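This report takes a predicted model and reads two parts of it in turn. Please look at the sequence and the structure before going on.

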Amino acid sequence: MNNSVAVIGKNAVQTALQRIFISKGVCSELIDPSEPLTLSGRLQSFDSVVLPFPSKDDNISFIKEHEREGLFEKNQLIIGGMIPEKVINHLEKAYVRVADYFLDEAYVLKNAYLTYQGVLRLLSENTDSFLAEKTVLVTGYGRIAKPLCLALRTLGMKVYVAVRSDIQSAEAGMMGFNTLKINSMKGALFYFDYIFNTVPFNIFDEKDIRHLKNSCVYFEIASFPYGALSEHFGFYGKKYILSSALPGKFYPSGVAENIAEYLSRKGIIK
């Protein structure tokens, strides 16, 4: 167990994570990366450093900005999620240890659950009628899509799953869902009341959006570059809801608990 942890950033996830550390008797401190004087020479005094959530380029630009100062101590443990490979390489060259919780399967599965939970919340917020008997399309059948399909069916919706893989098609079919192949689904797009995309590349073009029902609501759950371009929906006056990065937005305490569980499994905290 490490004796001290610096938690960089003051968003809701980082704040909740620090509360968990304190409850477990771990000496921890929240540090604001926007204040240069708080970083220079200070992080080296901690056994571990937790990077902002998520640990993408914009959130961890301070590492590059303070590169010459040597922010971290040799053999110090740097913890983050979705850390860019170039940053990992930079840290490892400085003999700093790196742990990325997004490479942990248990963490990713729980994060997927929080994502689908958030999608249901958005669905409720963007619905003013009965959901039962509505026809929905879910593209992809991975970690997020599987529990989402089950939840939508429980609400009484008619669920269709569009995939490219024969294995995923068979799996969805065995669960009782209607299945389509992505390359042959486009002729049926007019029938759907809701579309939930979990595929992180463009599968819907402008013509596809034009053929959707005017009342259809499209939920973009996938990460960039997304399944469709939002401007195509705007052009035709159809509803597009960006639904990515929902765990940190809606459930910061859940994200913090998931990170803490990962750290506990790895023996970093008890």
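What follows treats a pair of packed helices and then two residues.

In this predicted model, helix H4, which covers residues 105-125, packs against helix H10, which covers residues 252-265, with the two axes 10 Å apart and at an angle of about 170°. Because angles over 145 degrees count as roughly antiparallel, H4 is described as roughly antiparallel to H10. From the side of H4, the contact is made by Ala106, Tyr107, Lys110, Asn111 and Leu114, which meet Gly254, Val255, Asn258, Ile259, Glu261 and Arg265 in H10. The residues of this contact divide into 5 nonpolar, 3 polar and 3 charged.

Two residues can be set side by side, one of them from the helix contact just described.

| Residue | Place | Relative accessible area |
|---|---|---|
| Asn111 | helix H4 | 11%, buried |
| Phe72 | loop between helix H2 (61-65) and strand E4 (77-80) | 12%, buried |

Asn111 counts as buried because its relative accessibility of 11% falls under the 20% cut-off. When neighbours within four places in sequence are left aside, Asn111 is in contact with Phe102, Pro247 and Asn258, and Asn258 is one of the H10 residues that take part in the helix contact.

Phe72, in the loop between H2 and E4, is likewise buried, at 12%. Not counting residues up to four places away in sequence, Phe72 touches Leu43, Gln44, Val49, Ile63, Ile78, Leu91 and Val96. For one of these, Val49, which is 23 residues from Phe72 along the chain, the C-alpha atoms of the two residues are separated by 8.7 Å.

Definitions and conventions. Residues numbered from 1 in each chain as written. Predicted model: local features only at pLDDT ≥ 70, side-chain atom pairs only at ≥ 80, totals over all residues. Heavy atoms only, no water. Axes fitted to C-alpha atoms, helices over the stretch in contact; angles between N-to-C directions. Helix = DSSP H or I, 4+ residues; strand = E, 2+ residues; numbered from the N terminus. Parallel < 35°, antiparallel > 145°, perpendicular 65-115°, else oblique. Contact = heavy atoms within 4.5 Å. Nonpolar A, V, L, I, M, F, W, Y, C, P; charged D, E, K, R; others polar. Buried < 20%, exposed > 50% of the residue type's maximum accessible area, 1.4 Å probe, protein only.
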